[in-house]
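This report looks at charged pairs, nonpolar packing, cysteines and a small sheet. Please keep the sequence and the structure in view while reading.

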Amino acid sequence: MFNTRDTLKINAKGHLEIGGADCVDLAAEFGTPLYVFDEAYIRQMMRIYRDTIAEEYDGNGLVLYASKAFSCTAVYAIARQENIGVDVVSGGELYTAMRAGFPAEKITMHGNNKLPHEIAEALDCGVGMIVVDAYSEVDLIEAEAEKRGIVQNVLIRINPGVEAHTHAYVQTATPDSKFGFSVASGAAEAITKYALSKPHLRLRGYHCHIGSQIFEKQSFVLAVEKNLAFMAEMKKNLGFEADSLNMGGGFGIWYAEGDAKIGVAGYADYLRALLSTVREGCKKYGLRLPFVYLEPGRSIVGEAGITLYTVGAIREIPGIRKYVAVDGGMFDNPRYALYQSRYTAILANRAAEEPSELVSIAGKCCESGDLIGVDFNLPKAATGDILAVFSTGAYNYSMASNYNRNLIPPAVLVNGGKAEYIVMPQTYEDLVRNDAVPERLK
């Protein structure tokens, strides 16, 4: 029914349990809606990437946790303890990482339209790498680095034209993507030449990210091959041999029936295939082995997270649809509204019961499209039941909003049966904290 593991299972009471904590008890203690994260699973995923690089590539690489999946000071603290890096795509993510005491030299700054103040902040913090995605960024980094009397390490984001099998909105290396410089058009070579002319930039290599929620190893293998072929061209045409290659992320996770259940060890196989292709390709093209970066985010925290809700109103339209409404909705999980994303859910307080009907799970927003999803197979739900939705650790809290002035749910981290806040509950006062009333309206 769901992707079980030692830290996510049905306990002797017939309740869903995560990280040794009974979900019914979590709902009673912390209220709902509630994001719940399994610390042991997060650490396990960070370690599988880190250790595979150590074992298969002589440690000549670095895992960068992709902050956009889920960003808070606690997750950066875990990443710091697990000795991996992070990538950030905004000044806010950078600020949060620095507040958590994360070492700046292990931070990579991303983004396709970095603002001038974000570039200045990155340089002031001393980030290890900035990924360039526009000519204007080259000029901004050069000017700001010159002011500070430093030379900044950069990568150039290129677009190799690999079309991964994933949702159109999360394909990022297709010819019409807003990200990266096209290899085929010559744009990638032109920006390489331009960056090499800047005395306060040290071009280290290239970055590529082909998309998200990808299950085929071949997509990553093809992307590596295309990147290495381009790197060989740059060595031949410009005399520039890259020493770093960032292959992004995009490894898929299980959300619902039909998705592969990769398992922790399975991600090591994806990474082995990628690293093996790097080795073979470098031998083929006469290139030195580059330092390899990877940016898994969703696969680290996605399945580590669940969301707990309390069932409220139940509405049945005979012969058409039955709605089970919960106390959350698109303000804590907008992904169905955005992508028609699929999820799996169970009644956490009746987890061992057999499902008996198909229902749609509706949120409480004043919006007809406010759904967690459709066609969930559940036991007959009743008001007061605790509903658990799986694989909500990535892009749920990150994309949450205060739509309808609903409160963004808090998040707790569970480990060994103990749960602690990592994102505190919002209050109504938080909603109005930044409101201002002009004097003429008083």
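Is Asp435 buried, partly exposed or exposed? With a relative accessible area of 44%, Asp435 is partly exposed, and the statement applies, like everything below, to a predicted model. The side chain of Asp435 meets that of Arg405 in a salt bridge, with 3.2 Å from N to O. Asp435 belongs to the segment after helix H12 (428–432), whereas Arg405 sits in the loop between strand S19 (386–389) and strand S20 (411–415), and this pair, 30 residues apart, links distant parts of the chain. Arg405 is likewise partly exposed, its relative accessible area being 43%.

**Salt bridges**

The whole structure contains 23 salt bridges, and three of them are set out here.

| Pair | N to O distance |
|---|---|
| Glu39 and Arg43 | 2.9 Å |
| Arg47 and Glu82 | 2.8 Å |
| Asp435 and Arg405 | 3.2 Å |

The pair Glu39 and Arg43 lies within helix H2 (residues 39–56), where the two residues are four apart and therefore separated by about one helical turn. Glu39 counts as buried, at 14% relative accessibility, and Arg43 also counts as buried, at 13%. The pair Arg47 and Glu82 has another setting, because Arg47 lies in helix H2 while Glu82 is in the loop between helix H3 (73–81) and strand S6 (85–88), so that this salt bridge ties together parts that are 35 residues apart in sequence. Arg47 is partly exposed, with a relative accessible area of 36%, whereas Glu82 is buried, with a value of 4%. These two pairs are also connected to each other, since one network of salt bridges with shared partners joins Glu39, Arg43, Arg47, Arg50, Asp51 and Glu82.

**Buried residues in helices H5 and H8**

What is the nearest side chain of opposite charge to Glu118, a residue that is buried yet has no salt bridge? That side chain belongs to Lys114, and it is 8.0 Å away, while a salt bridge requires the side-chain nitrogen and the carboxyl oxygen to be within 4 Å. Glu118 is part of helix H5 (residues 116–125), and, when residues up to four places away in sequence are not counted, Glu118 touches Ser90, Gly91, Met109 and Asn113.

A second buried residue, Asn227, is found in helix H8 (residues 217–238). Asn227 counts as buried because its relative accessibility is 0%. Apart from neighbours within four places in sequence, the residues in contact with Asn227 are Ile158, Pro160, Cys208, Leu245 and Met247.

**Nonpolar cores**

In the largest nonpolar core there are 104 residues, and those with the most contacts inside this core are Ile42, Tyr65, Tyr206, Val301 and Leu387. Val301 is in contact with Phe37, Ile42, Tyr65, Ala69, Phe70, Val75, Gly393 and Ala394, once neighbours within four places in sequence are left aside. Another core lies apart from the largest one and has 23 residues, including Phe30, Ile306, Ala388 and Val414.

**Cysteines**

How many disulfides are there? The count comes to zero. Cys72 is in no disulfide, and the nearest cysteine sulfur, that of Cys125, is 18 Å away. Cys72 is buried, with a relative accessible area of 6%. For Cys366, the closest cysteine sulfur is in Cys365, and the separation of 8.7 Å is too far for a bond. Unlike the buried Cys72, Cys366 is exposed, with a relative accessible area of 68%.

**The sheet of S1, S2 and S3**

Three strands, in the order S1-S2-S3, form an open sheet with antiparallel pairing. Strand S1 (8–10) and strand S3 (21–22) are the edge strands, each of which pairs on one side only. Strand S2 (residues 16–18) pairs with S3 over two bridges in the antiparallel sense, and Glu17 has Asp22 as its bridge partner in S3.

Conventions. Residues numbered from 1 in each chain as written. Predicted model: local features only at pLDDT ≥ 70, side-chain atom pairs only at ≥ 80, totals over all residues. Heavy atoms only, no water. Core = buried A, V, L, I, M, F, W, Y, C linked by side-chain atoms within 4.5 Å. Buried < 20%, exposed > 50% of the residue type's maximum accessible area, 1.4 Å probe, protein only. Contact = heavy atoms within 4.5 Å. Lys, Arg positive; Asp, Glu negative; His and termini not counted. Disulfide = S-S within 2.5 Å. Pairing = 2+ DSSP bridges.
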